[in-house]
Amino acid sequence: MGYAKELADPWGLLLAASSAGVAWAIHLPGVAAAGVGAAVLLARAGIAGWQRRNQEPAAGPAPIEVDPGTQEARWLGRATAAEADFDAVAGSFARGPLADQIAGMREAVDETVGTLHRLAGRATMTGRALARVDPGVLAADERRLRTNRTDADPDLHEEIDRSLESVRAQRDVHRRLTGARDKLLAQLESGALGLEGLVVRVVELTTTADALPGANSDLVTDLTDQLEGIRRGVVETEETTRRTVT
């Protein structure tokens, strides 16, 4: 996406409008409020473009490809957009301790989005596996085998029992994978929405930093705690689902 397209990006425009709106709400002059919104929009466009030109491939194994059009792709897209917005807003602070504190949160934001990317890849992989299994067919197979066993010669019971065991094992795997995918999607949603909420709060901080300087320390602490909660949640989900989805 070029610089002009970044300026026209809907989320960027919404972010800029929100910044200007908060600035107006705390009674900054109209020209100053508009300046806040313009600064955030330009910073977002510039940083997003720079990231695409200069981003190096991440070390380690490549993440699993996320199927487009899926729920996981949608939530990952929103999380990635929130990451770019956070960088843009963090870069709009005037130099000083507050700017340094906000910039210090970038690593945790990047780590969180990286983990969400892996979770989205697992969700895609799980969805592909589930698509290969028809639980309705398995249920019908189990009913048929039970009926056959009742009417079959005792010498055939052992073979039928092995078939039943195979069908039940497949149904158990399907249930586990369904539960794992549901958990992955729930965490992707929670993580993406959490990051978007974090960005909005940082936008608010850009407009109140000068008006309420005494409250900055508590606000930054709250933001840091909020981010840590998001990061810890996605990491814990990755650890618990790793045992089910490999």
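**Close-up views of a predicted, all-helix chain**

**View 1. Arg 146 and Glu 142 pair up within helix α7****.** Arg 146 is partly exposed, at 47% relative accessibility. Its partner Glu 142 is buried, at 7% relative accessible area. Buried means under 20% relative accessible area, exposed means over 50%, and partly exposed lies in between (1.4 Å probe, protein chains only). The two form a salt bridge, with the closest N and O atoms 2.9 Å apart. A salt bridge here is a side-chain nitrogen of Lys or Arg within 4 Å of a carboxyl oxygen of Asp or Glu. Both residues sit in α7 (residues 135-151), four residues apart, or about one turn of the helix.

The model is predicted: local features need pLDDT of at least 70, side-chain atom pairs count only at pLDDT 80 or more, and totals for chains, interfaces and linings use all residues. Residues are numbered from 1 along each chain as its sequence is written, and side-chain values use heavy atoms, with hydrogens and water left out.

**View 2. The whole chain is made of helices****.** The chain has nine helices and zero strands. Helices (H or I, at least four residues) and strands (E, at least two) are DSSP runs, numbered from the N terminus. Of the 246 residues in the chain, 38% are buried. The chain exposes about 13,800 Å², and carbon and sulfur atoms supply 56% of that area. Accessible areas come from the Shrake-Rupley method with a 1.4 Å probe; for residues, only the protein chains shown count as cover. Take the contacts between residues at least 6 apart in sequence: 80% of them join residues at least 24 apart. Contact means heavy atoms within 4.5 Å.

**View 3. Two salt bridges link helix α6 with helix α9****.** How many salt bridges does the structure hold? The count comes to 17. One of them joins Arg 231 to Glu 111, with the closest N and O atoms 3.3 Å apart. Arg 231 lies in α9 and Glu 111 in α6, 120 residues apart. Glu 111 is partly exposed, at 37%. Another joins the side chains of Arg 118 and Glu 238, at 2.6 Å from N to O. Arg 118 lies in α6 and Glu 238 in α9, so this pair ties together parts 120 residues apart in sequence. Is Glu 238 buried or exposed? Glu 238 is buried, at 7%. Arg 118 is partly exposed, at 39%. Glu 111 and Arg 231 also belong to a salt-bridge network with Glu 228 and Arg 232.

**View 4. The largest nonpolar core holds 35 residues****.** A nonpolar core is a set of buried Ala, Val, Leu, Ile, Met, Phe, Trp, Tyr and Cys residues joined through side-chain atoms within 4.5 Å. In soluble globular proteins, nonpolar side chains tend to be buried together. Which members touch the most others? They are Phe 86, Phe 93, Ile 102, Leu 188 and Leu 195. Two or more residues come from each of α4 (71-90), α5 (97-103), α6 (106-131), α8 (157-208) and α9 (216-242). The largest share, 10 residues, comes from α8. Leaving out residues up to four places away in sequence, Phe 86 touches Ile 102, Met 105, Arg 106, Val 109, Leu 198, Val 199 and Val 202. A second, separate core has six residues, among them Leu 138, Ala 152, Ile 160 and Val 167.

**View 5. Arg 74 lies over the face of Trp 75****.** The distance to the ring centre is 4.6 Å. A charge sits over a ring if NZ of Lys or CZ of Arg is within 6 Å of the ring centre and within 35 degrees of the ring normal.
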